[in-house]
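Reader: I'd like to learn how to read a fold from its coordinates. Could you walk me through one?

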Amino acid sequence: GIQLGLLRKRLENVGLEMVITDEGLDLLAEAGFDPVYGARPLKRAIQQKIENPLAQKILAGEYSSGETVQIDVEEGAFLFL
């Protein structure tokens, strides 16, 4: 929650809102958990699975200020709506 809150704040600075489904949170938790390190890899998982693809979409002009980015899961992969 803390890491996603930081991402939400950064998106708010550019006029975007982010909503992630429970399925998205579950998939993110699975990707960011390691039995040895616990939740430490979560920050890296958020960067790789959410931030990087989202940044590419923003740069490509798929989202503009005032819009809401919805993140869901389809067939085991994140889907940005």
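**Reading one residue, then helices and strands**

Author: Let's start small, and keep in mind that this is a predicted model. R10 has a relative accessible area of 44%, so R10 counts as partly exposed.

Reader: Where does R10 sit?

Author: R10 belongs to helix 1.

Reader: And how far is R10 from E23, in C-alpha terms?

Author: Sequence spacing and spatial distance are separate things to read. The two residues are 13 apart along the chain, and their C-alpha atoms lie 23 Å from each other.

Reader: Okay, helices next. How do the axes of helix 1 and helix 3 cross?

Author: You read an approach distance and an angle. Helix 1 (residues 2–13) and helix 3 (residues 42–59) have axes that come within 11 Å and cross at roughly 20°. Angles under 35 degrees count as roughly parallel, so helix 1 is roughly parallel to helix 3.

Reader: Is that crossing left-handed or right-handed?

Author: For helix 1 and helix 3, the crossing is right-handed.

Reader: Which residues make the contact?

Author: From helix 1 you get Q3, L4, L7, R10 and L11, while helix 3 supplies K43, I46, I50, E51, L54 and I58. So our R10 from the start turns up here too. Sorted by character, the residues of the contact of helix 1 with helix 3 come out as seven nonpolar, one polar and three charged.

Reader: Now the strands. What order do they take in the sheet?

Author: For a sheet, read the order first and then the sense of each pairing. Here three strands make an open sheet ordered 1-2-3, with mixed pairing. Strand 1 and strand 3 (77–80) are the edge strands, each pairing on one side only. Ignoring direction, neighbouring strands of the sheet are turned by 25° against each other on average.

Reader: How many bridges join strand 1 to strand 2?

Author: Four, and strand 1 runs parallel to strand 2 (residues 68–74). As a landmark, E17 has T68 as its bridge partner in strand 2.

Reader: What is the sense of the pairing between strand 2 and strand 3?

Author: Antiparallel, over four bridges. Look for E74, which stands opposite A77 in strand 3.

Reader: Last one: which residues of strand 1 are on the covered face, and which on the uncovered one?

Author: Here you follow the side chains along the strand. In strand 1 (residues 17–20), M18 and I20 are on the covered face, whereas E17 and V19 are on the uncovered one. E17 is also the residue that bridges to T68, so to speak your landmark again.

Methods:
Residues are numbered from 1 along each chain as its sequence is written. This is a predicted model: local features need pLDDT of at least 70, side-chain atom pairs count only at pLDDT 80 or more; totals for chains, interfaces and linings use all residues. Side-chain values use heavy atoms; hydrogens and water are left out. Buried means under 20% relative accessible area, exposed over 50%, partly exposed in between (1.4 Å probe, protein chains only). Helices (H or I, at least four residues) and strands (E, at least two) are DSSP runs, numbered from the N terminus. Two strands pair if DSSP finds at least two bridges between them. Axes are lines fitted to C-alpha atoms, for helices over the stretch in contact, and angles run from 0 to 180 degrees between N-to-C directions. Angles under 35 degrees count as roughly parallel, over 145 as roughly antiparallel, 65 to 115 as roughly perpendicular and the rest as oblique. A crossing is left-handed if the near helix is turned anticlockwise from the far one by less than a right angle, and right-handed if clockwise. Contact means heavy atoms within 4.5 Å. Ala, Val, Leu, Ile, Met, Phe, Trp, Tyr, Cys and Pro count as nonpolar, Asp, Glu, Lys and Arg as charged, and the others, Gly among them, as polar.
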